[in-house]
Amino acid sequence: MALYQQHHVRPFGVNPAPATSHAEYAARLTLPFVLLSDPEAAIANAYHAAMPWGFGITRTVYLIGQDGRIQFGRRGAPGASVSLEHLESKK
Amino acid sequence: MANLLKPGDTAPDFAATGSDGHTYRLSDLLAESPVLLLFYPGNNTPG
C-alpha cells in the first residue's frame, strides 16, 4: 500500500457486493483503499474480469494511466511492485 | 473468457459507489492520479 502511495497511484477494489457490504468489510479490516460496488458486474464485464455465463469474477488487476489508457493488466493478484514496474517504465 | 484489455487500450469509463458512500467516476479519478483496479470475486475471499 505504501508503494502505491509513494507512486501516487490510487488503488480500488471492485466486486459485485453492494456498497453497504463493502462498508462493513472495509471497516472490519480497516482496508486502506476504497471498495467499489459493481452489482451488475458491468465494470467487470467492461474490463474482461467476469467469467462467462455469470460464474463470477476472476481476479484481475489493471493499472490505468492518466491518459485513460491501460498500462498494465494481469490475471491474479500480482504484488504492488509488479504493477508499479509498468508505471515506472512509462516515465 | 475474454482476453485482458491490452496496454494502450482505452480504459472503459465507469461510475460506482464506494465503501465510503461516495460515487467515483474513473475519468474524474484519472484527473488526479493513475488508478489501479483490483477485481476480485467477493469479500472474505483470500488474496
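**Notes on the two-chain sheet and its core**

1. Let's start in the middle of the sheet: A:Tyr62 has B:Leu37 as its bridge partner in β3(B). Next to that, A:Val61 is matched with B:Leu38 of β3(B). Altogether five bridges link β3(A) and β3(B), and the two strands run antiparallel. Two strands pair here if DSSP finds at least two bridges between them. Helices (H or I, at least four residues) and strands (E, at least two) are DSSP runs, counted from the N terminus.

2. Some housekeeping before going on. This is a predicted model, in which local features need pLDDT of at least 70 and side-chain atom pairs count only at pLDDT 80 or more, while totals for chains, interfaces and linings use all residues. Residues are numbered from 1 along each chain as its sequence is written, and chains are lettered from A and ligands numbered from 1 in the order written.

3. What does each chain bring along? Chain A has four helices and four strands, following α-β-α-β-α-β-β-α along its sequence. Chain B has one helix and three strands, in the pattern β-β-α-β.

4. Now the whole sheet. Its five strands are arranged β2(A)-β1(A)-β3(B)-β3(A)-β4(A), the sheet is open and the pairing is mixed. In that order, the chain B strand sits between β1(A) and β3(A). The edges belong to β2 and β4 of chain A; each has a single partner strand, so one side of each is left without a neighbour in the sheet.

5. On its other side, β3(A) pairs with β4(A), again antiparallel and again over five bridges. Two of the matches to look for: A:Leu63 is opposite A:Phe72, and A:Ile64 is opposite A:Ile70. The hairpin made by β3(A) and β4(A) has five residues between the strands, and A:Gly68 in this hairpin adopts a positive phi near 80°.

6. Is β3(A) buried or exposed? Five of its five residues are buried, so the strand is largely enclosed by the rest of the structure. A residue is called buried if 20 or more other C-beta atoms lie within 10 Å of its own, exposed if 12 or fewer, and partly exposed in between, with C-beta atoms placed from the backbone. Both faces of β3(A) are covered: A:Thr60, A:Tyr62 and A:Ile64 are buried on one side, A:Val61 and A:Leu63 on the other.

7. The largest nonpolar core holds 28 residues, and those with the most contacts inside it come from both chains: A:Val14, A:Ala44, A:Tyr47, A:Tyr62, B:Leu37, B:Leu38 and B:Phe39. Such a core is a set of buried Ala, Val, Leu, Ile, Met, Phe, Trp, Tyr and Cys residues joined through C-beta atoms within 7 Å. Two or more residues each are supplied by β1 (10-15), β2 (34-37), α3 (42-46), β3 (60-64) and β4 (70-75) of chain A, along with β3 (35-39) of chain B. Which of these gives the largest share? That is β3(B), with five residues.

8. A:Ala44 is worth clicking on. Outside its neighbours within four places in sequence, A:Ala44 is in contact with A:Val14, A:Asp38, A:Ala49, A:Ala50, A:Ile57 and, across the chain boundary, B:Phe39. Contact means that the two C-beta atoms, placed from the backbone, lie within 7 Å.

9. How many residues of the two chains touch? The tally is 50 residues of chain A in contact with 34 of chain B. On the chain A side, the elements giving two or more residues are β1, α2 (19-29), β2, α3, β3, β4 and α4 (80-89).

10. On burial overall, 37% of the 91 residues of chain A count as buried, and for the 47 residues of chain B the figure is 28%. As for contacts within chain A between residues at least 6 apart in sequence, 24% join residues at least 24 apart.

11. Last, a look at A:Gln71 in strand β4 of chain A. Why does A:Gln71 count as buried? Because A:Gln71 has 22 C-beta neighbours inside 10 Å. The C-alpha atom of A:Gln71 is 21 Å from that of A:Ala42, and the two residues are 29 residues apart along the chain.
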